[in-house]
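Please open the structure in your viewer and keep the selection tool at hand. The tour proceeds by selecting one part after another and noting what is found there.

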Amino acid sequence: MTALTKLFRTTTFRLSLTYLALFGAAAALAIFYIYWNTTVLLTRQLHDTIDAELKGLAEQYTAGGLNRLVRTVADRSQTPGNSLYFVADPEGRRVAGNLASITQQLSNSLGPVEFEYSRPAEGGIETRLAFANVFRLPGGYRLIVGRDIEDRRELARVIRSAMMWGLGVMVLFGIGGGYLVSRNLLARIDAVAATSRTIMEGDLTGRLPVNGSGDELDRLSESLNLMLARIEQLMAGLREVSDNIAHDLKTPLNRLRNRVEAALHEPYGEPAYREALEHTIEEADGLIKTFNALLSIARLEAGAGGDNKESLDVAALVRDVAELYEPVAEERGIVLRADQVEPVFVRADRQLLGQAIANLIDNAIKYGAPERVQGGNGSEPEVSVTTEARGPMAEIVVTDRGPGVPSSDRERVLGRFVRLEASRCEPGSGLGLSLVSAVARLHGGSLRLEDNQPGLKVILSLPADTHALVNGAAHQASGQELRPA
Amino acid sequence: MRVLVIEDDQETASFLRRALKEQGHVAEYAADGQTGLELARANAYDVLIVDRMLPKCDGLTVIGSLRAEEIRTPALILSALGEVDDRVKGLRAGGDDYLTKPYAFSELLARIEALARRTSPEEGSTRFVVGDLVLDRLSHKVTRGGEPIILQPREFRLLEYLMKHAGQVVTRTMLLENVWDYHFDPQTNVIDVHVSRLRSKIDKNFATPLLHTVRGAGYTIRDSAH
């Protein structure tokens with residue numbers, strides 16, 4: 001495709017041509033309309049003038065017969081102007097008037113007629129257009145009263161040429177303008193296409209050119225740039241996750257492999273094998289857990305798994321999950337409080353939300369014990385879970401008295417596999433909060449961490465279900481329906 | 001116990017058959033859904049183990065067809081799809097339990113034994129007795145050797161589930177699913193702590209322990225005197 005055909009194919013160029021045709025037609029129509037109206041007006045004036053003259057001459061004729069008429073015509077012929085007079089005898093010869101002669105055609109016609117006549121002018125004789133009314137007088141005489149309308153012919157010529165020139169210039173400018181605009185646009189589009197090609201080739205840092213004019217192309221480029229930024233961010237996230245997977249899955253896999261290999265070389269026989277195999281299973285179970293958690297997060301982030309939402313009382317679910325963890329908390333010397341009875345309804349998947357609450361409580365119990373300060377000045381080892389309706393949101397707030405999370409790390413700990421150094425000694429995959437965050441997003445909510453002074457305050461915020469109060473009780477029972485027992 | 005394994009992966013199937021035989025069960029095998037359906041129609045099995053994705057006729061269709069023909073053999077679905085939605089679909093199709101791959105054999109065994117027991121008459125009984133431990137489901141009272149034992153509602157349900165499956169191994173996941181109705185991984189050994197609390201209430205002051213830990217599998221309640 002040559003540059004020119006490419007240019008002709010652009011939308012702008014085609015649009016220019018279309019508009020050119022439309023404007024051309026409109027202009028031609030307008031000019032024709034003006035011409036037509038002018039002609040009509042002039043013709044009417046002409047007729048009026050001739051009629052007035054005729055009326056005058058008719059009066060003369062009535063008053064003084066042919067002689068008087070001839071005299072008057074001769075008189076009027078002396079006056080310079082556009083009026084033309086001619087009185088012809090029955091043979092067609094001139095009796096009076098300012099026309100030199102008349103043609104046979106004119107002398108034979110009757111009523112209004114358009115004709116050409118000659119008259120002397122500078123440097124010869126010119127032929128001019130005229131309009132006249134021919135009357136037959138008694139005795140075979142004819143009276144011709146007319147006016148020179150060469151000016152009108154001139155006007156038509158001028159308008160025609162104006163129209164030609166005007167349209168010509170318009171076409172020229174239209175095509176030229178279309179060409180320039182299209183070339184400009186084409187250059188910008190080509191730049192966008194070139195950039196997108198480099199991006200497709202793998203350079204995600206590329207951005208589409210924006211010239212700052214704020215026009216539609218700029219706006220499009222800006223949106224596309226935002227999209228590119230999001231894609232780049234997602235790709236970075238993906239890369240980070242694959243790095244993490246590489247680390248957090250490969251390390252245990254490697255450990256597992258080493259252990260099996262070592263067991264094979266173990267000289268002590270069966271008991272050693274058995275022990276190695278048991279360790280292998282343990283390690284495999286850990287891997288499966290991590291893998292499952294990763295898959296769940298990936299599915300949740302892809303928006304899957306929201307098909308089983310029902311209206312449920314979060315406060316009840318919180319109490320229920322807290323009850324599950326209460327003995328573990330007690331074993332660790334932590335008081336777990338979740339004794340709110342006032343119901344707060346949300347539309348949620350019971351299992352997913354249950355898991356999210358479980359993860360939060362589990363974290364609080366694992367990491368929320370206050371550091372033992374010398375002198376026993378540490379705060380009460382307490383984990384509290386409350387549920388409250390705050391405007392359109394239902395907030396599940398889990399607080400502990402542990403070391404908390406420094407504000408600089410609060411965003412980061414929601415990421416996959418992120419574990420703060422302080423928590424490395426506790427077992428865990430670093431996926432707990434990522435999962436809670438994914439569950440929150442799936443339900444249209446959010447997860448945020450705050451300072452509990454001292455300790456950590458985790459707030460899981462979900463859109464409240466305001467229509468649920470009436471039928472809430474019915475939904476409470478529905479959690480039981482899948483129980484196989 | 002006579003078990004039918006419908007599983008297209010040869011290795012998994014032969015592992016399951018060998019392991020089930022070791023446990024004293026009779027295991028038969030079908031490599032695709034069609035054959036599985038025909039076998040399940042023709043023979044009386046105690047439990048079906050059905051892989052979800054099968055050649056010719058998938059696992060859910062097999063179970064659906066059987067249920068439509070009023071064949072109520074308990075079925076355990078095995079699947080690599082482990083999300084809540086998948087579980088719900090499996091159970092709606094007529095499956096009785098759902099186990100996600102990869103699984104521990106002990107978990108599978110405990111679950112099929114529990115399923116096989118469901119068809120036994122004990123299911124509907126109002127009183128469970130293990131040794132001198134008695135649980136009355138109607139009055140919600142528990143006694144051991146005639147002495148009343150006070151249990152929290154959840155502890156009562158835990159004991160009820162264990163006693164319903166007396167003599168069988170019950171896994172932690174089974175307890176979490178059936179007593180708490182949670183189908184997720186609680187991360188911590190929460191179940192163990194609940195069981196040990198229960199144990200302290202029913203076994204502590206008695207000479208013979210009834211509630212036993214089965215290493216690597218779960219728990220079982222049984223009268224060891226028998």
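**A guided tour of the two chains**

Begin by selecting A:A293, A:L294, A:S296 and A:L300, which are the buried residues of helix α6 of chain A. Please bear in mind throughout that this is a predicted model. Among the elements that cover these buried residues of α6(A) is α9(A), residues 432-442.

Next, select the whole of α6(A), residues 270-301, and consider its length. What span should its 32 residues have at 1.5 Å a residue? The expected value is 46 Å, and the end C-alpha atoms of α6(A) are 46 Å apart, so the two agree.

Within α6(A), select A:E275, which lies in this helix. Is A:E275 buried, exposed or partly exposed? A residue is buried if 20 or more other C-beta atoms lie within 10 Å of its own, and exposed if 12 or fewer do. A:E275 has 14 other C-beta atoms within 10 Å, and is therefore partly exposed. Add A:A263 to the selection: it is 12 residues from A:E275 along the chain, and the C-alpha atoms of the two are separated by 8.7 Å. Then go to A:G303, which follows α6(A) and has a positive phi, near 90°.

**Chain A as a whole**

Now select chain A, which has 485 residues, 24% of them buried. Its secondary structure consists of 10 helices and 12 strands. Of the contacts in chain A between residues at least 6 apart in sequence, 61% join residues at least 24 apart.

**Where the chains meet**

Display both chains and select the residues in contact between them: 28 residues of chain A touch 25 residues of chain B. On the side of chain A, the elements that contribute two or more residues are α6, α7 and α8 (350-367). Which of these gives the largest share? It is α8(A), with seven residues. Sorted by class, this side of chain A has 10 nonpolar, 10 polar and eight charged residues.

**The nonpolar cores**

In soluble globular proteins, nonpolar side chains tend to be buried together. Select A:V318, A:Y325, A:I357, A:I361, A:V439 and B:I49, the residues that touch the most other members of the largest nonpolar core, which has 112 residues. Helix α7(A), residues 314-331, supplies the largest share of this core, 10 residues. Apart from this core lies another, of 19 residues, including A:L69, A:Y85, A:I102 and A:Y117.

Return to A:I357 and show its surroundings. Leaving aside neighbours within four places in sequence, A:I357 is in contact with A:L317, A:V318, A:V321 and A:I396.

**A strand in chain B**

Finally, select strand β4(B), residues 75-79. How many of its five residues are buried? Five of the five are buried, and the strand is mostly covered. In a regular strand the side chains alternate between the two faces of the sheet. In β4(B), B:A75, B:I77 and B:S79 point one way, while B:L76 and B:L78 point the other way.

Add the strand β3(B), residues 47-51, which pairs with β4(B) in the parallel sense over four bridges. Here B:V50 stands opposite B:I77. Include helix α3(B), residues 59-68, as well: β3(B), α3(B) and β4(B) form a right-handed β-α-β unit.

Then select β5(B), residues 97-100, which runs parallel to β4(B) and is joined to it by four bridges. The tour ends at B:S79, whose bridge partner in β5(B) is B:T100.

Key
Residues are numbered from 1 along each chain as its sequence is written. Chains are lettered from A and ligands numbered from 1 in the order in which they are written. This is a predicted model: local features need pLDDT of at least 70, side-chain atom pairs count only at pLDDT 80 or more; totals for chains, interfaces and linings use all residues. Two strands pair if DSSP finds at least two bridges between them. A crossover is right-handed if, with the strands pointing away from the viewer, the path from the first strand over the helix to the second runs clockwise. A nonpolar core is a set of buried Ala, Val, Leu, Ile, Met, Phe, Trp, Tyr and Cys residues joined through C-beta atoms within 7 Å. Two residues are in contact if their C-beta atoms, placed from the backbone, lie within 7 Å. The expected span of a helix is 1.5 Å times one less than its number of residues. Ala, Val, Leu, Ile, Met, Phe, Trp, Tyr, Cys and Pro count as nonpolar, Asp, Glu, Lys and Arg as charged, and the others, Gly among them, as polar.
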